[in-house]
Amino acid sequence: MTEAMEYDVVVLGAGPVGENVADRARAAGLSVAVVESELVGGECSYWACMPSKALLRPAIARAEARRVPGLSQAVRGPLDASAVLAHRDDIAAHWKDDGQVAWLDGIGARVYRGQGRLAGTKKVTVTGPEGDERTLTARHAVAVCTGSRALLPDLPGLADAKPWTSREATSSQNVPGRLVVVGGGVVGVEMATAWHALGSEVTLLVRGSRPLPRMEPFAGDLVVAALREAGATVRTGASVAAVERDGGTGPVTVVLADGERIEADEVLFATGRAPRTDDLGMESVGLEPGSWLTVDDSCRVEGSTWLYGVGDVNRRALLTHQGKYQARIAGAAIAARAQGVPVLESDRWGAHAATADHAAVTQVVFTDPEVASVGLTLAEAEAAGHRVRAVDYDMGAVSGASLYAEGYTGHARMIVDLDREILRGVTFVGSAAGEMLHSATIAVVGEVPIDRLWHAVPAYPTISEVWLRLLETYRG
């Protein structure tokens with residue numbers, strides 16, 4: 001028997017993105033149903049942002065402490081891996097979502113457990129854990145917020161080798177003696193950093209010439225140098241041809257394209273993401289199952305008046321905070337359209353346009369050193385046709401950096417639009433770089449003129465004085 005219900009908005013996916021869509025819709029007085037097939041709280045809470053940073057924080061804190069005179073000798077020993085993993089478990093709420101469910105209940109959203117699938121215009125079927133089925137009808141909008149999953153390459157022997165993906169890398173209860181990490185993106189370098197600090201013998205295999213290829217080149221170079229200095233092995237220009245593991249247990253062998261064989265206890269593939277749209281009934285609304293959703297700046301799916309794709313599924317910026325930003329924009333747009341209020345689609349920085357996805361994406365890579373960036377790189381700005389200049393400065397030369405850590409290593413770059421005298425992007429690499437990023441984000445989003453930034457006086461002696469040095473370098 002199929003039970004039918006009607007709501008103003010139906011949200012597929014109860015991760016941070018779905019939660020924020022629900023929150024904004026409820027704040028506008030709309031009724032909301034949220035459908036979740038796994039844990040309420042999503043990938044970020046249990047297998048990505050939160051547990052990964054719980055693993056990384058001790059590694060980074062110890063590395064920084066070892067560079068502070070008078071403290072360095074006190075932190076020469078190994079990390080307490082059991083304590084780190086136990087803290088990680090606490091941060092991930094032991095993979096229980098009671099608190100997240102209570103939050104959704106508290107805002108007045110109705111949570112449905114089960115697999116949600118589109119079933120035509122404004123309709124969603126929910127197949128519950130016991131096989132029971134309900135049909136939910138949305139008066140105004142359905143928002144697909146199901147995120148992405150790890151994408152494994154088609155390599156001989158890989159499926160039978162039971163490789164780690166990002167989920168296993170952030171939830172493992174044991175420290176592997178030897179770990180091969182395949183992939184030079186954010187997951188690859190962060191997990192190489194974390195598990196090496198916890199005691200694994202780590203080999204990082206990067207296909208290109210450096211990791212973090214979408215960031216400024218110096219970012220990947222500095223991360224590689226630090227990993228190697230810490231004792232990890234980093235191989236660039238390394239392509240994996242096959243993986244071998246008899247019976248899916250015991251040691252695993254990674255075979256490179258040149259025939260070299262590397263044996264390890266576990267292998268992590270961090271080689272890309274795919275949208276979780278393969279089992280959502282996309283065909284019922286004329287879309288291809290397993291495809292990314294193409295959306296406008298209000299996150300409404302192109303060609304639709306009621307379907308939204310928010311977060312990773314639209315491939316605009318696969319980052320939790322950007323997805324939550326999109327959710328705030330989409331929630332506001334859904335509410336405006338439901339209430340007959342004009343949607344400010346033409347207002348570039350208005351309430352209904354996710355402009356930051358194009359102009360001011362923020363990202364922090366929690367390695368040692370940290371990498372923090374906002375907006376466009378030099379290459380991206382030039383490719384977009386802007387007349388720009390890159391202004392660079394050695395962060396270690398700032399007085400505050402010398403006090404923060406002995407031998408502080410870092411680099412800062414700002415991309416100046418020469419026609420408008422504003423910043424198009426900023427990148428910091430160095431200890432505590434992530435905590436400096438928001439000042440750069442405000443400068444980029446606010447399109448603050450260079451002449452006005454000259455009056456933003458950084459406190460002395462802090463690392464943020466690098467702002468003054470960058471401006472001085474630009475002015476000559």
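In the predicted model, Asp154 is exposed, with a relative accessibility of 80%. The residue belongs to the loop that connects strand S7 (148-150) with helix H6 (166-171). Its C-alpha atom lies 25 Å from that of Leu319, a residue 165 positions away along the chain. A second loop residue, Asp347, is located between helix H9 (320-338) and helix H10 (356-359). At a relative accessibility of 37%, Asp347 is classed as partly exposed. A separation of 52 Å was computed between the C-alpha atoms of Asp347 and Arg178, which are 169 residues apart along the chain.

Helix packing was examined for helix H1 (residues 16-27) and helix H5 (residues 98-107), whose axes are 10 Å apart and enclose an angle of about 20°. The two helices, H1 and H5, are therefore roughly parallel. On the H1 side, the contact is formed by Glu19, Ala22, Asp23 and Arg26, and on the H5 side by Gln100, Trp103, Leu104 and Ile107. The crossing of H1 past H5 is left-handed.

An open sheet of 4 strands shows parallel pairing, and its strands follow the order S10-S9-S8-S14. The edges are occupied by strand S10 (233-236) and strand S14 (266-269); each has a single partner strand, so one side of each lacks a neighbour in the sheet. From one strand to the next, the twist averages 15°. Strand S8 (residues 178-182) runs parallel to S14 and is joined to S14 by 4 bridges. Within this pairing, Val181 has Leu268 of S14 as its bridge partner. Helix H7 (residues 186-197) lies across S8, strand S9 (201-206) and S14, and its direction is at about 170° to that of S9.

An open sheet of 5 strands, by contrast, has antiparallel pairing, with the strand order S17-S18-S21-S20-S19. Strand S17 (362-365) and strand S19 (388-394) form the edges, each pairing on one side only. Neighbouring strands of this sheet are turned against each other by 15° on average, direction ignored. Helix H13 (residues 433-445) packs on the sheet and touches S17, S18 and S21, with a direction at about 175° to that of S21.

Within the antiparallel sheet, strand S21 (residues 422-429) is largely enclosed by the rest of the structure, because 8 of its 8 residues are buried. Strand S18 (residues 371-375) is antiparallel to S21, and 5 bridges join the two strands. In this pairing, Ser373 is positioned opposite Thr427 of S21. Strand S20 (residues 411-417) also runs antiparallel to S21 and is connected to S21 through 7 bridges. Opposite pairs along these strands include His411 with Val429 of S21 and Val416 with Leu423 of S21. Strands S20 and S21 form a hairpin with 4 residues between the strands, and Glu421 in this hairpin adopts a positive phi near 55°. In general, the strands of a sheet pair through backbone hydrogen bonds, in either a parallel or an antiparallel manner.

The cysteine residues were considered next. The structure contains 0 disulfides. Cys44 takes part in no disulfide, and the nearest cysteine sulfur, belonging to Cys49, is 3.0 Å away. The cut-off for a disulfide is a pair of cysteine sulfur atoms within 2.5 Å. Cys44 is buried, with a relative accessible area of 12%. Cys299 is likewise in no disulfide, the nearest cysteine sulfur being that of Cys145 at 8.8 Å. With a relative accessibility of 0%, Cys299 is also classed as buried.

Technical notes:
Residues numbered from 1 in each chain as written. Predicted model: local features only at pLDDT ≥ 70, side-chain atom pairs only at ≥ 80, totals over all residues. Heavy atoms only, no water. Pairing = 2+ DSSP bridges. Axes fitted to C-alpha atoms, helices over the stretch in contact; angles between N-to-C directions. Contact = heavy atoms within 4.5 Å. Buried < 20%, exposed > 50% of the residue type's maximum accessible area, 1.4 Å probe, protein only. Parallel < 35°, antiparallel > 145°, perpendicular 65-115°, else oblique. Left-handed = near helix turned anticlockwise from the far one by under 90°.
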